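Okay, thanks for coming, everyone. I'd like to spend a couple of minutes on one strand and what sits around it. Let me put the structure up.

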Amino acid sequence: MDDTESLRQLAEAAHRLKAQLGRVIVGQQNVIDELLTALFARGHCLLVGVPGLAKTLMIRTLARALSLKFNRIQFTPDLMPSDITGTEIIQEDKRAGTRELRFVPGPLFANIILADEINRTPPKTQAALLEAMQEYQVTVGGQRHPLEQPFYVLATQNPIEQEGTYPLPEAQLDRFMFQILVDYPDDEAELEIIRRTTADVEPEVSPVLDGAQILAMQRLVRRIPVPDHVARYALQLVRATRPGFESAPQFVRDFVVWGAGPRAGQYLVLAAKARAGIQGRTHPALDDIRAAAFPVLRHRVILNFSAEVEGVRPDDLIRRLLDSIPLPDEELTARGILPKVLGSSTAGTA
């Protein structure tokens with residue numbers, strides 16, 4: 001099967017996934033799009049939103065539509081690393097009269113992990129999750145235990161209650177491809193939510209993809225070529241977030257302490273590839289980079305006290321960055337804003 005046919009199947013699978021999610025989830029189309037983009041780009045997501053916005057329901061429904069093993073871990077202050085990774089127990093063989101250590105896997109041994117309220121558990125347990133996210137393995141008693149692929153961590157945070165929480169350090173935030181903001185639904189969507197959830201109806205969700213198909217589509221996304229001007233635009237956008245660089249605008253120097261690292265550029269390009277593949281396109285465009293800029297950069301740009309005083313949020317700064325960085329000539333030409341450059345046989349003639 002060639003890649004063109006595979007891209008068509010990827011676009012159809014994404015369409016069917018959205019249809020299955022729509023049987024349970026009302027609205028939140030941007031959130032669903034970003035979840036699927038991260039899934040096919042093989043990235044983890046951090047969902048931030050107030051309680052009651054169906055974050056857990058959305059993740060559970062996605063797991064049902066993917067026919068994957070799903071585990072939910074409720075993070076609490078007394079949760080220990082072994083509670084999520086697993087532990088070793090002594091097993092006695094009465095016939096042989098011997099004892100040996102046997103590893104009992106924890107809830108991390110699944111395909112989709114819902115890390116509910118991840119900022120409510122101590123850093124030691126957060127660090128145990130970090131190894132699983134980055135290395136796709138856990139280490140217990142000096143022994144490494146690989147995790148089954150695909151492995152997809154979806155963590156949630158409540159932005160309201162911060163008392164008694166352990167904010168994720170920047171190094172661990174950087175492991176999340178996207179930080180997705182889950183906002184209130186509009187009035188029509190909220191009315192439909194009330195109607196659905198107060199009726200005696202349980203919508204059915206049919207599996208669309210299995211693990212092997214997801215892994216194949218993730219590899220396909222990696223093979224999608226990226227035009228040079230698109231990759232350079234992603235690089236320019238990331239480097240403009242760093243206040244110590246000459247390319248940084250003045251408002252970045254005024255409001256930013258630390259800008260995004262190289263992983264941001266990698267995730268921008270991967271997200272653009274996945275977004276193009278989901279829409280059945282053979283290569284990403286600048287609009288894909290611009291659409292991915294908010295979920296990729298909002299948790300990687302560290303604002304200073306002046307930004308807090310003036311009410312500047314990460315999304316405000318990213319929006320100003322997108323407005324301040326000019327589009328490459330290749331993109332302007334493609335949009336018909338600039339004329340195409342003539343060949344050397346005619347250029348320069350009187």
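**Strand S1 and its neighbours**

So, let's start with the side chains: His 44, Leu 46 and Val 48 point one way from S1, Cys 45 and Leu 47 point the other way, and all are buried. That fits the usual pattern, since side chains in a regular strand alternate between the two faces of the sheet. Just keep in mind that this is a predicted model.

Taken as a whole, S1 covers residues 44-48 and is mostly covered, with five of its five residues buried.

Now, who are the partners? On the S9 side, S1 runs parallel to residues 176-181, and five bridges join the two strands. If you want a spot to look at there, find Leu 46, which stands opposite Gln 179 in S9.

Then there's S8, residues 152-157, which also pairs with S1 in the parallel sense, over four bridges. Here Leu 46 shows up again, standing opposite Ala 155 in S8. Further along, Val 48 has Gln 157 as its bridge partner in S8.

Okay, zooming out. Which order do the strands of the open sheet follow? Reading across, you get S2-S5-S8-S1-S9, five strands with parallel pairing. At the edges are S2, residues 70-74, and S9, each of which pairs on one side only. As for the twist, neighbouring strands of this sheet are turned by 20 degrees against each other on average, ignoring direction.

So the picture to take away is S1 sitting between S8 and S9 in that order, with five of its five residues buried. That's me done, over to you.

Key: Residues are numbered from 1 along each chain as its sequence is written. This is a predicted model: local features need pLDDT of at least 70, side-chain atom pairs count only at pLDDT 80 or more; totals for chains, interfaces and linings use all residues. Side-chain values use heavy atoms; hydrogens and water are left out. Buried means under 20% relative accessible area, exposed over 50%, partly exposed in between (1.4 Å probe, protein chains only). Two strands pair if DSSP finds at least two bridges between them. Axes are lines fitted to C-alpha atoms, for helices over the stretch in contact, and angles run from 0 to 180 degrees between N-to-C directions.
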